[in-house]
Amino acid sequence: MGGNHTQIEFILLGITNSPYAQTPLFIFFLLIYIVTLVGNVGIITLVRVSPSLHTPMYFFLTHFAFIDICYSTIISPRMLADLLSEDKTISFPECMMQFLTFAFFATIECHLLAMMSYDRHVAICHPLLYVTIISSRVCWQLVASSYIFASLSAIIYTWCTFGGSFCGPNRIDHFFCDVVPVLKLVCSDTHSSEMVIFAFVTINVVGTSMIILLSYISILHTVLRMCSSQSRARAFHTCASHLMSVALLYGSAFFMYLQPPSSHKSLDKVVSIFYSVLTPMLNPFIYSLRNKEVKGALVKCGRRLFNQ
């Protein structure tokens, strides 16, 4: 990386510069962060203590919940501190590490959603082979491969974003160190870096979305051939929670990262809040309130606690 970057400090302009809005926003986002932690820790704990949920689907879901905890923890505490502080400076290494970890966990989340869609595909389209295809060993191999590929992708994203020369303005018009607002501060030519980032985002976002799309095309084809309307309804209900998570994450990801930097507007902050703060809070509700197995396990755990 060129230049003496360790001496650089950025200023995060945050969500708003209105002093009257900062305290209400702090309370609002603090509540969201608490609900995110409680909800996702609750999902992980429930799956661990409920034998009925010891299946590949919930194995992936516990990793998904863990990623949501990490994902929001990278963003929310710093954002909350900046809402109450006049000093919004962040050093170059801190900014780079925040982006590196954010890119790492965001990439894993895309891969986990693709794995969960493949799991549903095998469960519905090949139920007799499900235990053989989606074995415990295969689950661990899939998760491990996603962590390895996400590490590689995050390092490349970070190198391309922070590898240029920063010699001009140091104000990041965002509430965290994201690729688009940081690249706007680079003095050197960023075209090649943008192309590399775009290529890897395409591989991760479009690649995993194609796996999801093909899985659900196969699921739809199988479901429509089912004779029983009850079987069709049960199959669609099984996939509903996953499809909602996919829509939340991929909708915002396509908007944010698959358009040219010049096209980005002030709406970016709203979209960023949606996928980095709100989505990790909503996922536990999506996977619990719409899931009979999770609700049943929760009732059983509640009864055991009351009986003790």
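1. Start with helix α7. A kink of about 25° sits in α7, with T202 at its centre. This is a predicted model, so that bend belongs to a prediction.

2. Helix α7 covers residues 191–224, which is 34 residues. From first C-alpha to last, α7 reaches 47 Å. The span expected at 1.5 Å a residue is 50 Å, and the value for α7 is close to that.

3. Next, the helix pairs. Two packed helices are described by the angle between their axes and the distance between the axes. Helix α2 (residues 56–84) packs with helix α5 (residues 136–162) at about 25°. Their axes lie 10 Å apart. Because angles under 35 degrees count as roughly parallel, α2 is roughly parallel to α5. The crossing of these two helices, α2 and α5, is right-handed.

4. Which residues make the contact between α2 and α5? On the α2 side they are P56, F59, F60, H63, F66 and I67. On the α5 side they are C139, W140, L142, V143 and Y147. By class, the contact of α2 with α5 has 10 nonpolar residues, 1 polar residue and no charged ones.

5. Helix α2 also packs with helix α3 (residues 92–125). Here the angle is about 160° and the axes are 9 Å apart. Because angles over 145 degrees count as roughly antiparallel, α2 is roughly antiparallel to α3. The α2 and α3 crossing is left-handed.

6. The contact of α2 with α3 divides by class into 18 nonpolar, 3 polar and 5 charged residues. Charged residues are thus present in the contact with α3, whereas the contact of α2 with α5 has none.

Methods: Residues numbered from 1 in each chain as written. Predicted model: local features only at pLDDT ≥ 70, side-chain atom pairs only at ≥ 80, totals over all residues. Heavy atoms only, no water. Axes fitted to C-alpha atoms, helices over the stretch in contact; angles between N-to-C directions. Helix = DSSP H or I, 4+ residues; strand = E, 2+ residues; numbered from the N terminus. Parallel < 35°, antiparallel > 145°, perpendicular 65-115°, else oblique. Left-handed = near helix turned anticlockwise from the far one by under 90°. Contact = heavy atoms within 4.5 Å. Nonpolar A, V, L, I, M, F, W, Y, C, P; charged D, E, K, R; others polar. Expected span 1.5 Å × (residues − 1). Bend = angle between axes of the 7 residues up to and from the residue.
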